[in-house]
Amino acid sequence: MNGIEKNMCKACGRACYPGHACCPSCGKTDFEPGGFEGPATLLTFSRVHMLSLAYTDRYITLGIVEFADGTRALGRLDVDEPEIGMKLKAGTGVVRTDGLIETKGLRFTQA
Ligand SMILES: [Zn+2]
């Protein structure tokens with residue numbers, strides 16, 4: 001998915017996004033990249049209004065989602081009225097622009 005990948009633990013298979021230095025399940029540090037499959041379910045979200053000057057948005061909405069394989073991920077929600085439990089489609093896009101530097105990450109829209 002356009003270079004945005006989860007970290008999958010080679011020892012136990014636990015997947016994380018963003019990645020961790022060591023696996024939260026088994027503590028090992030050997031990972032392999034993996035893609036994101038299918039729709040995700042919104043677990044929780046928060047609107048952030050106090051943004052740095054690097055943002056041109058008045059606020060952003062961040063959500064934690066769970067994919068069908070159990071992978072949980074953090075990303076921006078492009079949904080006006082998010083509801084916990086709603087199905088979302090994952091994509092990638094710019095999540096922050098700081099001068100000429102663009103940071104890409106996960107963005108979710110309603111499925
Ligand atoms: Zn592990």
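The protein has eight strands and zero helices. Both are DSSP runs numbered from the N terminus, where a helix (H or I) needs at least four residues and a strand (E) at least two. Along the sequence the pattern reads β-β-β-β-β-β-β-β.

This is a predicted model, in which local features need pLDDT of at least 70, side-chain atom pairs count only at pLDDT 80 or more, and totals for chains, interfaces and linings use all residues. Residues are numbered from 1 along each chain as its sequence is written.

**Overall dimensions**

The C-alpha atoms fill a box of roughly 40 × 35 × 25 Å along the principal axes. The radius of gyration is 15 Å, which agrees with the value near 13 Å for a compact globule of 111 residues. That radius is taken over C-alpha atoms, and the globule rule is 2.2 Å times the number of residues to the power 0.38.

Buried residues make up 20% of the 111 residues. A residue is buried if 20 or more other C-beta atoms lie within 10 Å of its own, exposed if 12 or fewer, and partly exposed in between, with C-beta atoms placed from the backbone. Two residues are in contact if their C-beta atoms, placed from the backbone, lie within 7 Å. Of the contacts with a separation of 6 or more, 44% join residues 24 or more positions apart.

**Strand pairing**

Two strands pair if DSSP finds at least two bridges between them. The table lists pairings with their bridges.

| Strands | Sense | Bridges | Citation |
|---|---|---|---|
| Strand 2 and strand 6 | parallel | two bridges | |
| Strand 4 and strand 5 | antiparallel | eight bridges | |
| Strand 5 and strand 6 | antiparallel | five bridges | |
| Strand 6 and strand 8 | parallel | two bridges | |

Individual residues mark these pairings. Cys-16 stands opposite Arg-72 in strand 6. Leu-42 stands opposite Val-65 in strand 5. Ile-64 has Leu-74 in strand 6 as its bridge partner, and Leu-62 stands opposite Arg-76 in strand 6. Arg-76 also has a bridge partner in strand 8, Arg-107.

The hairpin of strand 5 and strand 6 has four residues between the strands. There, Gly-70 takes a positive phi near 95°. A second backbone feature is the peptide bond from Tyr-17 to Pro-18, which is cis, with omega near -5°. Pro-18 lies in the loop between strand 2 and strand 3 (31-34). Most residues other than glycine have a negative phi, and most peptide bonds are trans.

**Nonpolar cores**

A nonpolar core is a set of buried Ala, Val, Leu, Ile, Met, Phe, Trp, Tyr and Cys residues joined through C-beta atoms within 7 Å. The largest has 12 residues, among them Ile-4, Tyr-17, Phe-36, Ala-40, Leu-42 and Val-65. Strand 4 (40-48), strand 6 (72-77), strand 7 (87-98) and strand 8 (101-110) each give it two or more residues. A second, separate core of five residues includes Met-8, Cys-9, Cys-23 and Phe-31.

Ala-40 belongs to the largest core. Leaving aside neighbours within four places in sequence, Ala-40 contacts Val-65, Glu-66, Phe-67, Leu-88, Ala-90 and Phe-108.

**An exposed loop residue**

Lys-10 sits in the loop between strand 1 (6-9) and strand 2 (15-17). Lys-10 is exposed because 12 other C-beta atoms lie within 10 Å. Not counting residues up to four places away in sequence, Lys-10 touches Asp-30, Phe-31 and Glu-32. Lys-10 and Asp-30 are 20 residues apart in sequence and 5.9 Å apart in space, C-alpha to C-alpha.
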